[in-house]
Amino acid sequence: MALLLTKYQPNTSQDLVGNNTAKTKLKDFITNYKSQRKKVCIVHGPLGTGKTSLVYALAKELDYDILELNSSQTRNKDAISTFLSAALGQTSLFMRPKLILIDEADNTSGRKDRGGNAELAKILDKSTFPIICTANDILDKKIKPLKKKALLIPIDKPEHQEIVQFLTTICIKENIQYKDNALSALARSCDGDIRAALL
């Protein structure tokens with residue numbers, strides 16, 4: 001049986017629980033990028049609230065290719081410069097539009113990733129493609145160079161009842177017997193972390 005987390009990964013922005021304002025703002029940032037005053041967007045909020053999932057869902061919905069640099073990769077000044085130089089000059093497969101995702105921009109480690117975000121802030125103005133960063137802590141000093149140039153889109157924890165409704169829908173689809181009070185307790189214990197609730 002497939003993990004529910006994998007099976008119910010969102011295919012469109014509407015599949016994500018809550019945050020309708022954030023969905024609309026990010027979709028507008030992507031589709032109207034060339035007229036945007038700010039050339040990078042930081043989607044920020046607590047762990048498990050769907051920041052990265054929202055970016056991927058919108059890319060799928062809008063038929064964009066994603067070029068991602070995630071937290072498992074080195075993201076110092078040279079790495080960022082090399083990645084962005086290649087990404088900005090690379091032709092998208094099948095001539096589709098593309099966007100660049102820097103996942104967990106605040107999750108950089110001191111010496112290994114030194115200068116990465118500052119370098120990204122310097123290169124931003126050259127981009128003709130949407131650049132989106134995700135961050136858990138928007139107050140982290142490491143992303144200060146980016147914040148000055150970024151459109152900030154907060155992702156909030158979904159409301160308790162939104163999570164209950166989501167879990168109820170899954171139980172019905174999967175023919176899982178459930179009790180309302182059990183789903184309510186699960187929704188409360190996961191504290192807005194949809195990923196944790198599905199696991």
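**View 1. Helix α3 packs across four strands of the sheet in this predicted model.** Helix α3 takes in residues 51–62 and lies across β1, β2, β3 and β4. Its direction makes an angle of about 170° with β3. Another helix to look for here is α2, made of residues 20–31, which lies across β1, β3, β4 and β5. Helix α2 runs at about 155° to β5.

**View 2. Five strands make up an open, parallel sheet.** Reading across the sheet, you'll meet the strands in the order β2-β3-β4-β1-β5. At the edges sit β2 (65–69) and β5 (150–154), each with a pairing on one side only. From one strand to the next, the twist averages 25°. As a reminder, strands of a sheet pair through backbone hydrogen bonds, either parallel or antiparallel.

**View 3. Strand β1 pairs with β5 and with β4.** Strand β1 covers residues 40–44, and five bridges link it to β5 in the parallel sense. The pairing of β1 with β4 is parallel too, over five bridges. Val43 is a handy residue to zoom in on: its bridge partner in β5 is Ile153, while in β4 it stands opposite Thr134.

**View 4. Strand β4 is largely enclosed by the rest of the structure.** That description holds because five of its five residues are buried. Ile131, Cys133 and Ala135 point one way from the strand, whereas Ile132 and Thr134 point the other way. Both sets of residues are buried. Strand β4 also runs parallel to β3, and three bridges join the two. Across that pairing, Ile102 stands opposite Cys133.

**View 5. His44 is a buried residue of strand β1.** Its relative accessibility is 14%, below the 20% cut-off, so His44 counts as buried. What does His44 touch, leaving aside its neighbours within four places in sequence? The contacts are Lys51, Ala135, Ile138, Leu152, Ile153, Pro154 and Ile155. Among these, Ala135 is one of the buried residues of β4, and Ile153 is the β5 bridge partner of Val43.

**View 6. The largest cavity holds about 40 Å³ of space.** The structure has two cavities of 30 Å³ or more, and this close-up shows the largest. Its lining consists of Leu16, Val17, Gly18, Asn19, Lys23, Thr49, Gly50, Leu54 and Ile155. By type, the lining residues split into four nonpolar, four polar and one charged. Ile155 is worth a second look, as it lines this cavity and is also in contact with His44.

**View 7. Asp63 has a positive phi without being a glycine.** You'll find Asp63 in the loop between α3 and β2, with a phi near 65°. Is Asp63 buried or partly exposed? At 42% relative accessibility, it counts as partly exposed.

**View 8. Glu104 is another non-glycine residue with a positive phi.** Here the phi value is about 50°. Glu104 belongs to the loop between β3 and α5, the helix of residues 116–123. With a relative accessible area of 22%, Glu104 is partly exposed.

Technical notes
Residues are numbered from 1 along each chain as its sequence is written. This is a predicted model: local features need pLDDT of at least 70, side-chain atom pairs count only at pLDDT 80 or more; totals for chains, interfaces and linings use all residues. Side-chain values use heavy atoms; hydrogens and water are left out. On a 1 Å grid over the protein atoms alone, a cavity is a set of points where a 1.4 Å probe fits but cannot get out, and a pocket is an open set with protein on both sides within 12 Å along at least five of seven lines; lining residues have an atom within 4 Å of a point. Grid points are joined across faces, edges and corners, and a volume is the space filled by probe spheres set on the points. Ala, Val, Leu, Ile, Met, Phe, Trp, Tyr, Cys and Pro count as nonpolar, Asp, Glu, Lys and Arg as charged, and the others, Gly among them, as polar. Two strands pair if DSSP finds at least two bridges between them. Axes are lines fitted to C-alpha atoms, for helices over the stretch in contact, and angles run from 0 to 180 degrees between N-to-C directions. Contact means heavy atoms within 4.5 Å. Buried means under 20% relative accessible area, exposed over 50%, partly exposed in between (1.4 Å probe, protein chains only).
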